[in-house]
Amino acid sequence: EASGAQEATIDGFHLVIDALKLNDIDTIFGLPGIPITDLTRMAQAEGLRVISFRHEQHAGNAAAAAGFLTQKPGICLTVSAPGFLNGLTALANATTNCFPMILISGSSEREIVDLQQGDYEEMDQLAIAKPLCKAAFRVLHAEDIGVGIARAIRSAVSGRPGGVYLDLPAKLFAQTMDAEAGRRSLIKVIDPAPRQIPAPDAVKRALDLLKRAKKPLILLGKGAAYAQADADIRALVEKTGIPYLPMSMAKGLLPDTHAQSAAAARSYVLQEADVVMLVGARLNWLLSHGKGKTWGQDKGAKQFIQIDIAPTEIDSNVAIAAPVIGDIGSCVAALLAGVDAKWAKPPAEWTGAIAERKDKNLSKMAVTLAARPSPMNFHSALSVIRDQVKARPDAIVVNEGANTLDFARSIVDMYEPRKRLDVGTWGIMGIGMGFAVAAAVVTDKPVIAIEGDSAFGFSGMEVETICRYNLPICIVVFNNNGVYRGTDVNASGTPDVAPTVFVKNARYDKLMEAFGGVGVNATTADELQKALAEAVASRRPTLINAVIDETAGTESGRITSLNPSTAKKK
Ligand SMILES: Cc1ncc(Cn2c(C)c(CCOP(=O)(O)OP(=O)(O)O)sc2=O)c(N)n1
């Protein structure tokens, strides 16, 4: 009505949309289909941004990355059963990585599912989701939509963030209720991620341990990046003078070129440190579970301080001498308050020994990075990207692969927080395009996706999505003709190629051209440098097919030892 009179009733579709908007959620990553196609149209009509993907796993990965970057739960919307299942991988990965996201899936009617009467895309989705995520809820009545969305948001971001499943049966959307009652039923979540203040005695215990340390080390995990307590974290490192190691997604909390970064002497400091403070990092497989030769088991016991929001994480792998439980922002602030001007910096023997090893290793790396072999290898191609990121520290790097991942982690320095998104705790392939789309949509910054050729293949069809929304994403495919490398042979004599080998000299750049983006085939470092610089400056969707020496890779890169056959040889 031109008079703007309020409608008498409101339907389930609009209650969901209004509940999301009420909680400052402005973007949905999804894939339309029964029963949620109309929801995508209505959400767009009501001002939400709806980013539509070609596979639900990548929409889910985008939602997870959006959650990590914004501290607000990313929303992934899928159809029932197969669409829901495709989103589950991203939901489980988000939960493993403590990224806040909500997977909202349409579902079949309870009365048919519970009697297993064979509905269209019938599946008991709530039961299947529960073990794979932090929390799972179903809403059956329109008047409960406000509670359902509020519970999902609070579960996703409070405490240890993670993935939440919200099951919305098809019939819910068409339900209507009095418009005013509907508006009153919606909940604006107050303080969804409440600060959790650490106990003063826990803070004192940790500071006392650090003060007594002869070889202290601070380990920054992706939880520290997620916390957005950047200034305090930097101040804690700099005021204590303690060397630090960033895990891959914590790179950039302090610039990787920082004098206190021990990354270039990682093996030495893990072996030698006597007190290690973990900030948003877990002692899982990525840190050899805090024991064994990585940690210099024969060099005397180490003492760990662990800052974590989950008390049950403490002692998960080794004894923690000083647990500090709370949100990272509150814990770091409390520790910082205890570091006064009289704080004694670590002994010069310790910082000097680190500096000596760093300088030696960085000098060696500089020689390797300066080389310009033909064809390119991982190092020469990554040295080009390293220079581009140094010139544009605001760009966001997405990274996956094996060798492409491992070498990029140490070669491509990051200068700002939350500028590197990668395979995380699981080491999962396929996050590339979903993470890249989220980074571009959420930040509007240029994105450089550094992709192994196998890794890119998991989400490559989303190149069309990237072109459709004209996102400033430059994909660099490290094309070495296969998984890890391209030289394996099929010893059986049958005509099939080896399981790890791809079509030789494929032209991934043509894929981008197919959808109107810029495709470049780079056979030299100079060609790569030129194409990358143009892509970042133009903000045009670009795919650079970087031709890499097919013999250059190592099976499984840095984690080759996890292969059972390799382990057997030990
Ligand atoms: C979903 C999924 N499938 C398979 C793997 C196993 N895998 C696979 C298939 C990788 C790809 C390595 O090949 P690439 O071409 O992407 O990388 P490089 O050429 O840089 O070694 S790395 C890795 O751990 C995985 N981690 N995740």
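Reader: Let's start with the largest cavity. What makes up its lining by class?

Author: In this predicted model, the lining of the largest cavity has seven nonpolar residues, with no polar and no charged ones. The residues in question are Val16, Leu20, Ile28, Leu39, Ile75, Leu77 and Ile104. Val, Leu and Ile all count as nonpolar, so each name in that list falls into the nonpolar class.

Reader: Why is this space called a cavity?

Author: The word is used because a 1.4 Å probe fits there but cannot get out. A search of the whole structure finds one cavity of 30 Å³ or more, and about 30 Å³ of space lies in the largest cavity.

Reader: Which elements each supply at least two residues of that lining?

Author: Helix 1 (12-22) and strand 4 (74-78) do so.

Reader: Helix 1 also has a helical partner, I see. What makes helix 1 oblique to helix 2?

Author: Happy to walk through it. The axes of helix 1 and helix 2 (residues 37-45) come within 10 Å and cross at roughly 50 degrees. Angles under 35 degrees would count as roughly parallel, and 65 to 115 as roughly perpendicular. A value of roughly 50 degrees belongs to neither class, which makes helix 1 oblique to helix 2. The handedness of this crossing is right-handed. On the helix 1 side, the contact is made by Phe13, His14, Val16 and Ile17, and on the helix 2 side by Asp38, Leu39, Met42 and Ala43. Sorted by class, this contact has six nonpolar residues, one polar and one charged. Val16 and Leu39 take part in this contact, and both are also named in the lining of the largest cavity.

Reader: How do you know how helix 3 and helix 18 lie relative to each other?

Author: The same kind of reasoning applies. The axes of helix 3 (residues 56-70) and helix 18 (residues 432-443) come within 7 Å, crossing at roughly 45 degrees. Set against the cut-offs of 35 and 65 degrees, helix 3 and helix 18 are therefore oblique to each other. Helix 3 passes helix 18 in a right-handed crossing. From helix 3, the residues His58, Asn61, Ala62, Ala65, Ala66, Leu69 and Thr70 meet Gly434, Phe435, Ala438, Ala439, Val442 and Thr443 in helix 18. These contact residues divide into eight nonpolar, five polar and no charged. Gly434 is placed with the polar residues, because Gly is put in that class.

Reader: What makes up the contact of helix 12 with helix 14, by class?

Author: Here is that pair in full. The axes of helix 12 (residues 230-240) and helix 14 (residues 328-337) come within 9 Å and cross at roughly 35 degrees, and the crossing is left-handed. Helix 12 brings Asp232, Ile233, Ala235, Leu236 and Lys239 to meet Ile328, Val332, Ala333, Leu335 and Leu336 of helix 14. The classes in this contact are eight nonpolar, no polar and two charged. Asp and Lys count as charged, so the two charged residues are Asp232 and Lys239.

Reader: Which residues are the closest to the centre of the second largest pocket?

Author: This pocket has a volume of about 200 Å³. Of the 14 residues that line it, Asp26, Thr27, Thr70, Lys72 and Val442 are the closest to its centre. Strand 2 (27-30), helix 3, strand 4 and helix 18 each give two or more residues to that lining. By class, the pocket's lining has seven nonpolar, three polar and four charged residues.

Reader: What makes the backbone at Gln71 worth pointing out?

Author: Most residues other than glycine have a negative phi, and most peptide bonds are trans. Gln71, not a glycine, has a positive phi of about 65 degrees, and its place is in the loop between helix 3 and strand 4.

Reader: How do you know what kind of peptide bond joins Ser374 and Pro375?

Author: The omega angle is about 0 degrees there, and the bond is cis. Pro375 sits in the loop between helix 15 (348-370) and helix 16 (378-391). The peptide bond from Ile34 to Pro35 is cis too, with omega near 5 degrees, and Pro35 lies in the loop between strand 2 and helix 2.

Note on methods
Residues numbered from 1 in each chain as written. Predicted model: local features only at pLDDT ≥ 70, side-chain atom pairs only at ≥ 80, totals over all residues. Heavy atoms only, no water. 1 Å grid on protein atoms, 1.4 Å probe; cavity = no way out; pocket = protein on both sides within 12 Å on 5 of 7 lines; lining within 4 Å. Points joined across faces, edges and corners; volume = space filled by probe spheres on them. Helix = DSSP H or I, 4+ residues; strand = E, 2+ residues; numbered from the N terminus. Axes fitted to C-alpha atoms, helices over the stretch in contact; angles between N-to-C directions. Parallel < 35°, antiparallel > 145°, perpendicular 65-115°, else oblique. Left-handed = near helix turned anticlockwise from the far one by under 90°. Contact = heavy atoms within 4.5 Å.
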